[in-house]
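Student: I'd like to go through the ligand site and the pockets with you. Can we take the terms one at a time?

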Amino acid sequence: MTKERILNNIKAIENRITKVCEKSGRSPEDVKLLLATKTVSTDNIKFALQYKQTLIGENKIQEVKKKFTDLNSIPYESHFIGHLQTNKVKELLKYNIKCLQSLDRIRLAKKLQNRLEYEDKTIDVFLQFNTSYEDSKFGMDPKKALTFAKEIKQLDRINIKGLMTIGLFSASQEKVRKCFKLLKKTQTDLLNKGYSVNELSMGMSGDLEIAIEEGATIIRIGSAIFGKRPYPDSYYWNENK
Ligand SMILES: *Cc1c(COP(=O)(O)O)cnc(C)c1O
């Protein structure tokens with residue numbers, strides 16, 4: 001992927017954001033673009049970061065580690081968006097990850113809290129929900145949102161800032177929309193109970209318009225900017241890999 005292509009792709013995404021915001025009466029400033037940078041070289045990440053972008057998300061600790069030193073020369077905000085194994089918590093905290101978007105289970109949260117206490121740190125999290133109810137997707141059952149949030153709130157080193165989901169991969173827009181609507185509803189329920197879950201991270205290259213229409217505040221874009229990835233996504237989303 002040439003730098004010129006990357007730049008044009010970012011501009012195309014910005015246009016898509018502006019267009020759907022106009023259509024749905026939202027302000028483009030209320031939708032942040034997170035660059036999903038799995039498999040992308042640090043050279044290309046740096047290039048994208050220099051063009052107005054500040055937010056990146058990685059899926060695997062090994063990749064965060066590999067790129068960390070190289071990216072140190074430029075300011076950016078780093079989120080973790082992949083499935084995190086419980087034994088990787090200590091590693092996660094080494095690399096200035098501001099937000100773990102994929103907090104999907106209590107056991108992981110407790111492990112994180114213990115380590116954060118030990119290091120005297122705090123971290124932002126989004127609660128990840130499985131809104132498509134597919135076995136292949138991680139995330140808490142949205143029906144358990146209140147209990148889940150309540151338990152996480154007991155952990156004083158962890159700040160719940162929002163919710164995250166991966167929509168169904170489907171040609172049916174209505175089925176995809178249903179996932180995003182469910183995350184929005186889950187957010188409303190939690191807001192009503194006093195949780196400050198203001199961020200909604202949903203929408204990717206193929207479905208960002210639907211996500212923005214349904215209230216996304218962060219969209220996570222990879223392939224539409226950096227091109228097709230060398231591995232199938234199951235490599236990133238399968239627990240056993
Ligand atoms: C890879 C990835 C994205 C971006 O997907 P694209 O379809 O390439 O835009 C978003 N969210 C998560 C969790 C990802 O792993």
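Student: What makes the ligand and the side chain of Asn-59 a polar contact?

Tutor: An oxygen atom of the ligand is 2.7 Å from an N or O atom in the Asn-59 side chain. A polar contact is a pair of N or O atoms within 3.5 Å (within protein, one must be able to donate a hydrogen and the other to accept it, and residues adjacent in sequence count only if both atoms are side-chain atoms), so this pair qualifies. Bear in mind that this is a predicted model, where local features need pLDDT of at least 70, side-chain atom pairs count only at pLDDT 80 or more, and totals for chains, interfaces and linings use all residues. Residues are numbered from 1 along each chain as its sequence is written, and side-chain values use heavy atoms, with hydrogens and water left out.

Student: Which polar backbone atom does an oxygen atom of the ligand lie 2.7 Å from?

Tutor: One belonging to Ser-223. With Lys-38, a side-chain N or O atom is 2.6 Å from a ligand oxygen.

Student: How much of the ligand does the protein bury?

Tutor: Taken alone, the ligand exposes 390 Å², and the protein buries 96% of that. These areas come from the Shrake-Rupley method with a 1.4 Å probe (for residues, only the protein chains shown count as cover).

Student: How many residues surround the ligand, and what makes a residue count as near?

Tutor: There are 13, with Lys-38, Asn-59, Ser-205, Ser-223 and Arg-229 the closest. A residue is near if one of its heavy atoms lies within 4 Å of the molecule. By class, that shell has 6 nonpolar, 4 polar and 3 charged residues.

Student: Which pocket is the space taken by the ligand?

Tutor: The second largest one. A molecule sits in a pocket if more than half of its atoms lie within 2 Å of its grid points.

Student: What makes a space a pocket rather than a cavity?

Tutor: On a 1 Å grid over the protein atoms alone, a cavity is a set of points where a 1.4 Å probe fits but cannot get out, while a pocket is an open set with protein on both sides within 12 Å along at least five of seven lines. Lining residues have an atom within 4 Å of a point. The second largest pocket holds about 340 Å³ of space and is lined by 25 residues, among them Phe-169 and Met-204.

Student: And how much space lies in the largest pocket?

Tutor: About 440 Å³. Its lining has 21 residues, including Val-31 and Lys-32.

Methods. Ala, Val, Leu, Ile, Met, Phe, Trp, Tyr, Cys and Pro count as nonpolar, Asp, Glu, Lys and Arg as charged, and the others, Gly among them, as polar. Grid points are joined across faces, edges and corners, and a volume is the space filled by probe spheres set on the points.
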